Amino acid sequence: MSSLQSELSDIYKALICGKRLPEGLIKESFIRNGLIHLMVVSGAHLLFLERLWKKMNLPFFQTSGIIALLTLYALTANLHPPVLRALFSFLLLKVSDSYKLFWNSPLITHLSGILCLIYSPSWIFSPSLHLSWLASLAQHSSPSRLKKSLLTYIIILPICNRWQFLHPFTVFINWIVAPFIGSILFPLSLLTVLFHPLHSITDKLWEGTLKVLSLFQMFLPHSHLIKWSIPENGIWMYILLVFITLQVTSIYKKRLPVSNTYNKTL
């Protein structure tokens, strides 16, 4: 990575390794557009790697290989709270499938967060764990990417308002740009780190993406629309409330088709 000769090497280091972006226009652009979560190692990175592994469609080591890959990546990221929580979620899902426990997504997310707190009780004060926990709950709420982006925005806004303003338009930016970064730029950036000559192509794509983000940024005012935020001592009550709400909703959605079928038979 250190020998990569590119003017955008800071982006590669941030996206692949979670190294903080230096202060400047690029970091400001990602913050204003609500995409800074992609520039720190998070659960999204494990999701990108899992999708990339599945696309390779290897005839061997499908399960053990992805577990080893995600664990190795989490270790290289120093087991940062969002990454470890995502890794726990992945492993819990495998356990649920193997033993037919039928754990739903909100429950798996909640259990993964609890395991993080068991691993490091001091993370009870970690904003990154709070946001990862809530974002993961929201991301499994609907098959629609736009609805997931909207619900994620609504759920994390009361916490983000404590230090950062997120404009509602960032919902659409995440809906449009985040999948492109995850499915195209992330694997290309990873390959560029391994094969440096590729940076001439990847740099062009990043430069185009940054221009699009700068264009979006023109429509994002600095002023807060809603200033209210969750008090620090109420965060865990808020996380519990979100979990219960989504858990009940998930159970209700599963029972609804059964109820409709029963009514039709009557």
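Is Gln164 to be counted as buried or exposed, and at what relative accessibility? In this predicted model, Gln164 counts as buried because its relative accessibility is 16%, which falls under the 20% limit used for that class. The residue is placed in the loop that lies between helix α8, residues 145-160, and helix α9, residues 170-194. From this loop, a polar atom of the Gln164 side chain lies 3.3 Å from the backbone oxygen of Ile31.

Helix α6 comprises 15 residues, running from 105 to 119, and the distance from its first C-alpha to its last is 21 Å, close to the 21 Å expected at 1.5 Å a residue. At the start of this helix, the backbone nitrogen of Leu107 is approached to within 3.0 Å by a side-chain oxygen of Asn104. The buried residues of α6 are Pro106, Ile108, Thr109, His110, Ser112, Gly113 and Cys116.

Cys116, listed among these buried positions of α6, has a relative accessibility of 0% and therefore counts as buried. The closest cysteine sulfur to that of Cys116 belongs to Cys160 and is 19 Å away, so the two are too far apart for a bond, given that a disulfide requires the sulfur atoms to be within 2.5 Å. Cys160 is accordingly in no disulfide, the sulfur of Cys116 being the nearest cysteine sulfur to its own. Cys160 is likewise buried, with a relative accessible area of 5%, and the structure as a whole holds zero disulfides.

Methods
Residues are numbered from 1 along each chain as its sequence is written. This is a predicted model: local features need pLDDT of at least 70, side-chain atom pairs count only at pLDDT 80 or more; totals for chains, interfaces and linings use all residues. Side-chain values use heavy atoms; hydrogens and water are left out. Helices (H or I, at least four residues) and strands (E, at least two) are DSSP runs, numbered from the N terminus. The expected span of a helix is 1.5 Å times one less than its number of residues. Buried means under 20% relative accessible area, exposed over 50%, partly exposed in between (1.4 Å probe, protein chains only). A polar contact is a pair of N or O atoms within 3.5 Å; within protein, one must be able to donate a hydrogen and the other to accept it, and residues adjacent in sequence count only if both atoms are side-chain atoms.
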